[in-house]
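Some words used for a structure rest on a stated cut-off, and a careful reader asks whether a value meets it. The turns below go through a few such words, one at a time.

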Amino acid sequence: MRSLANSHIFREVKPDVFAHTMHSSVLDTGKPIEEILENPEAKHDGTRGLAAFYEFDDLAKASTVLVENMIDPKTAFSDSPVQAPIQRAFKHNLTLYEWYELPENVYRRRRFGIGMTGLAAMRGNEILSEFDWTVFPKGSVVVDVGGGFGASAKFLATHAPHVNIIIQDKPEVTAAGIQAWKGHSPDLLESKRVVFQSHDFFDPQPVKQPAGFILKNIIHNWGDSYSLEILTHLRKAASPDTKLFIVGAILQYLCPSSNDSESAPEPLLPSYGAHGEHQYMLDMAMMTLFNAREHTTDSLSALLRKAGWEIDAIRGALQGVQLTVASPIVSDN
Ligand SMILES: C[S@@+](CC[C@H](N)C(=O)[O-])C[C@H]1O[C@@H](n2cnc3c(N)ncnc32)[C@H](O)[C@@H]1O
C-alpha cells in the first residue's frame with residue numbers, strides 16, 4: 001500500500017490507515033464488499049468498467065514473459081495472434097478470444113467485456129463528428145467493419161441521419177447486436193437505415209463502393225501482416241471516392257516531430273512524461289495479447305500506403321482517441 005501511496009495511488013491518512021485518492025478510485029467497482037463476496041463472478045457487472053480494465057490479471061501475467069517471447073527465435077519476429085506472450089504464459093495456442101470462450105474463463109470473459117466498455121467510454125464515438133458527414137449524399141452507405149454491437153453506428157445514426165449504416169462482425173456478434181438494437185432502436189432496423197451483416201474481415205468485402213468504411217479499435221488488435229490484409233480487402237471494394245475512417249489512438253513520439261504543436265514544453269518529455277504513459281502501456285498490452293501494436297503517424301501511414309490508401313487528415317487530441325481519414329491512392333495508369 002505504501003508503495004502505491006508513494007505514487008499517489010491511495011494515501012496514508014494516519015499510520016497504517018489508507019484511503020482512496022482520485023487515482024485509486026478507478027480501481028473501485030463502487031459495489032459494497034458484501035455484494036461482491038455473495039456473487040464474485042458478477043463483481044464487475046453493471047459497473048463503469050475501469051476497475052475491470054485495471055484488473056486484467058491475464059495481461060499482467062503474460063507481460064512477465066514478454067521478453068522471453070521477444071528473444072525466442074520461434075516467436076521473436078512473429079505477428080501471429082497465437083504466438084504472443086499470452087499463449088506462452090498460459091500454455092495454449094488459441095487466440096485471446098478463443099481462450100476466453102473456454103468454460104474455465106467465464107469470469108475473465110465477463111470482466112474483459114465490461115473492461116472494454118470502460119475503455120470505450122474513454123475513447124468516445126463523438127470523435128466521428130470531426131468529419132463533415134454532410135459531404136455524403138442522402139442514402140450513402142457507410143460500413144462499420146468489425147463494428148461489434150454497433151456503438152459507433154448508434155452515434156452516427158443520430159449525428160448523420162442521412163447516412164445508411166451496415167455493421168459487419170462475426171455471426172455471433174451480429175446476432176447479439178440485432179437483439180440489442182431491437183431493444184433500443186427498432187425503428188432504425190425496420191427502416192433498414194441500420195443493417196447488421198455477418199462478415200469475416202479477412203474475406204473479400206461484399207459491400208462494393210460505399211461512401212465509407214469505419215475501422216474502430218480494429219487495427220491495433222492485429223499485427224501488420226493481418227492489418228494489411230483487412231485494409232487491402234477494403235481498398236479492393238472501394239471507389240476512388242470512398243473514405244476510410246480509422247478510429248483509435250496514435251502514439252506520440254518522444255523526440256521532436258511534426259506533432260510538436262501538442263507536445264509538452266521542455267524540459268518535460270513531449271508526452272508530459274508519466275501523464276502520457278497510458279498510450280505506451282496500451283501499446284505493450286497489444287503486443288502481449290495479440291502480437292500487435294498501437295501505431296505512430298508514420299507507421300500507420302506506411303501501412304495504409306501498402307494497402308493503397310493515403311491519409312487525408314488526422315483529427316483529435318494526442319493522448320486521446322483520434323480519427324484518421326484516408327482515401328484510395330488512385331494511379332494514373
Ligand atoms: C475491439 S472490438 C471493436 C468493436 C467496435 N469496432 C468498437 O470499437 O466498439 C473488435 C471487434 O472485431 C470483431 N472481429 C474480430 N475478428 C473478426 C473477423 N475476423 N471478422 C469480423 N469481425 C471480427 C470482434 O468480434 C469485435 O467486435
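Ala, Val, Leu, Ile, Met, Phe, Trp, Tyr, Cys and Pro count as nonpolar, Asp, Glu, Lys and Arg as charged, and the others, Gly among them, as polar. The model discussed here is a predicted one.

Q: How many residues of each class make up the shell around the ligand?
A: By class, the shell has five nonpolar, six polar and four charged residues.

Q: Which residues are the closest to the ligand?
A: The ligand is surrounded by 15 residues, and the closest are Gly146, Asp169, Asp200, Phe201 and Lys216.

Q: What makes the approach of glycine 146 to the ligand a polar contact?
A: A polar backbone atom of glycine 146 is 2.8 Å from a nitrogen atom of the ligand, and because a pair of N or O atoms within 3.5 Å is a polar contact, the pair qualifies.

Q: Why do phenylalanine 201 and lysine 216 also count as having a polar contact with the ligand?
A: For phenylalanine 201, a polar backbone atom lies 2.9 Å from a ligand nitrogen atom, while for lysine 216 a backbone N or O atom lies 2.8 Å from a nitrogen atom of the ligand. The cut-off is 3.5 Å, so both pairs count as polar contacts. Taken alone, the ligand exposes 590 Å², and the protein buries 82% of that.

Q: Where does the chain divide into domains?
A: Domain 1 covers 31-121 and domain 2 covers 125-328, and their C-alpha centres lie 23 Å apart. The contact between them takes 19 residues from domain 1 and 15 residues from domain 2.

Q: How much area do domain 1 and domain 2 bury between them?
A: They bury about 1400 Å², with 66% of it on carbon and sulfur atoms. On the side of domain 1, Leu59, Asp79 and Pro81 lose the most area to domain 2, together 36% of what that side buries.

Q: What polar pairing is counted between domain 1 and domain 2?
A: Six residue pairs are in polar contact, whereas the count of salt bridges between domain 1 and domain 2 is zero.

Conventions
Residues numbered from 1 in each chain as written. Predicted model: local features only at pLDDT ≥ 70, side-chain atom pairs only at ≥ 80, totals over all residues. Heavy atoms only, no water. Near = heavy atom within 4 Å. Polar contact = N/O pair within 3.5 Å; in protein donor to acceptor, adjacent residues only side chain to side chain. Areas by Shrake-Rupley, 256 points an atom, 1.4 Å probe, with all protein chains shown as cover. Domains from an automatic or database assignment. Contact = heavy atoms within 4.5 Å. Buried area = accessible area lost by both parts, 1.4 Å probe. Salt bridge = Lys/Arg side-chain N within 4 Å of Asp/Glu carboxyl O.
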